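Could you walk me through this protein model in plain language? I'd like to know how its parts fit together.

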Amino acid sequence: PLLRRHRHHDLPDLSGSREPPMPNVALYAGSFDPITNGHTDLIERSLGFVDRLIVAVATNVAKQSLFDAEERVALIHAALDNDKRVEVRQFQGLLVRFARDVGVRMIIRGLRAVSDFEYEYQMALMNRHLAPNMETVFMVPSLDTTYISSSLVREIARFQGDVTSLVHPAVAAALRKKFPAG
């Protein structure tokens, strides 16, 4: 016998509720030190399948950041032109705990290369172990942003290279302040 599959929107609403459906919210976490065009591309494309996105700026005590958390939050707002569908928040500690605290069940992760997959896969499995109802969605970058990483952007900026095609103009200006020529 064949199994008939229905897409969610094809199914009738049997709940009797006149309430609008709950918004579909996801979480995209990272250090964003700094936010790059690769990050913004992934954020913009994820807004194609979620109503709202929480961009969670991680404070990693084991890493020395170029920009402090408040600067990173401000640069993300600037890079996203203060999109009202995006909420930017700082967090410390376990991602799944933060996600649970803000009521999110979907975590979005970007995979630039095969080398990212092993780490991200292990992290997704551990997150599922810690929070079985949480899902991780992997997204691949657009072809024109695949090679961009925050660490490469910082390195180029440190040696006064041109990063204007890799980051938002506000981020490029902030990098020039961190690494003045001379």
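Start with strand 1, which is covered on both of its faces: V25, L27 and A29 are buried on one side, and A26, Y28 and G30 are buried on the other. If you wonder about that every-other-residue pattern, side chains in a regular strand alternate between the two faces of the sheet. Count along the strand and you find six of its six residues buried, so strand 1 is largely enclosed by the rest of the structure. Keep in mind that what you're looking at is a predicted model.

Now look sideways from there. Strand 1 covers residues 25-30 and runs parallel to strand 2, with six bridges joining the two. You can pick out the partners yourself: V25 sits opposite R52 in strand 2, and L27 sits opposite I54 in strand 2. Is strand 2 tucked away or out in the open? Six of its seven residues are buried, so strand 2 is also largely enclosed by the rest of the structure.

Keep going and you get to strand 3. Strand 2, residues 52-58, pairs with strand 3 in the parallel sense, over six bridges. Here A58 faces F91 in strand 3.

Time to zoom out to the whole sheet. In what order do the strands lie? The sheet is an open one of five strands, with parallel pairing and the order 3-2-1-4-5. Strand 3 (86-91) and strand 5 (135-139) stand at the edges with a single partner strand each, so one side of each has no neighbour in the sheet. The sheet isn't flat like a tabletop, either: neighbouring strands are turned by 30° against each other on average, ignoring direction.

Something also lies against this sheet. Helix 4 packs on it, touching strand 4 (106-110) and strand 5, and the helix direction makes about 160° with that of strand 5. Helix 4 spans residues 114-130 and includes M126. Check M126 on the surface: it is partly exposed, with a relative accessible area of 43%. Together with L94 and L130, M126 makes a nonpolar surface patch of about 260 Å².

Next, let's look at charges. Side chains of opposite charge can pair when their charged atoms come close. How many salt bridges does a search of the whole structure find? The search turns up nine. One of them links the side chains of E71 and K178, at 3.5 Å from N to O. E71 is in helix 2 (residues 69-79) and K178 is in helix 6 (residues 169-178), so this pair ties together parts that are 107 residues apart in sequence. Both ends can be seen from outside to some extent: E71 is partly exposed at 29% relative accessible area, and K178 is partly exposed at 33%.

For a salt bridge between residues close in sequence, go to R158 and E155. Their closest N and O atoms are 3.2 Å apart, and both residues lie in helix 5 (residues 150-158), three residues apart, which is about one turn of the helix. R158 is partly exposed, with a relative accessible area of 38%, and E155 is partly exposed too, at 39%. Elsewhere, salt bridges that share partners join R52, E87 and R89 into one network. Within it, E87 and R89 form a salt bridge whose closest N and O atoms are 3.4 Å apart. E87 is partly exposed, at 28% relative accessible area, and so is R89, at 33%.

Finally, take a look at the backbone in two loops. Which peptide bond is cis? The one from D33 to P34 is, with omega near 0°, and P34 belongs to the loop between strand 1 and helix 1 (37-46). That loop also holds F32, whose phi is near 50°, a positive value in a residue other than glycine. F32 is buried, with a relative accessible area of just 2%.

Q160 also has a positive phi, of about 55°, although it isn't a glycine. You'll find Q160 in the loop between helix 5 and helix 6. Q160 counts as partly exposed, with 42% relative accessibility.

Definitions and conventions:
Residues numbered from 1 in each chain as written. Predicted model: local features only at pLDDT ≥ 70, side-chain atom pairs only at ≥ 80, totals over all residues. Heavy atoms only, no water. Patch = residues over 30% accessible without salt bridge, like charges linked within 9 Å, V, L, I, M, F, W, Y side chains within 5 Å. Areas by Shrake-Rupley, 256 points an atom, 1.4 Å probe, with all protein chains shown as cover. Salt bridge = Lys/Arg side-chain N within 4 Å of Asp/Glu carboxyl O. Helix = DSSP H or I, 4+ residues; strand = E, 2+ residues; numbered from the N terminus. Buried < 20%, exposed > 50% of the residue type's maximum accessible area, 1.4 Å probe, protein only. Pairing = 2+ DSSP bridges. Axes fitted to C-alpha atoms, helices over the stretch in contact; angles between N-to-C directions. Contact = heavy atoms within 4.5 Å.
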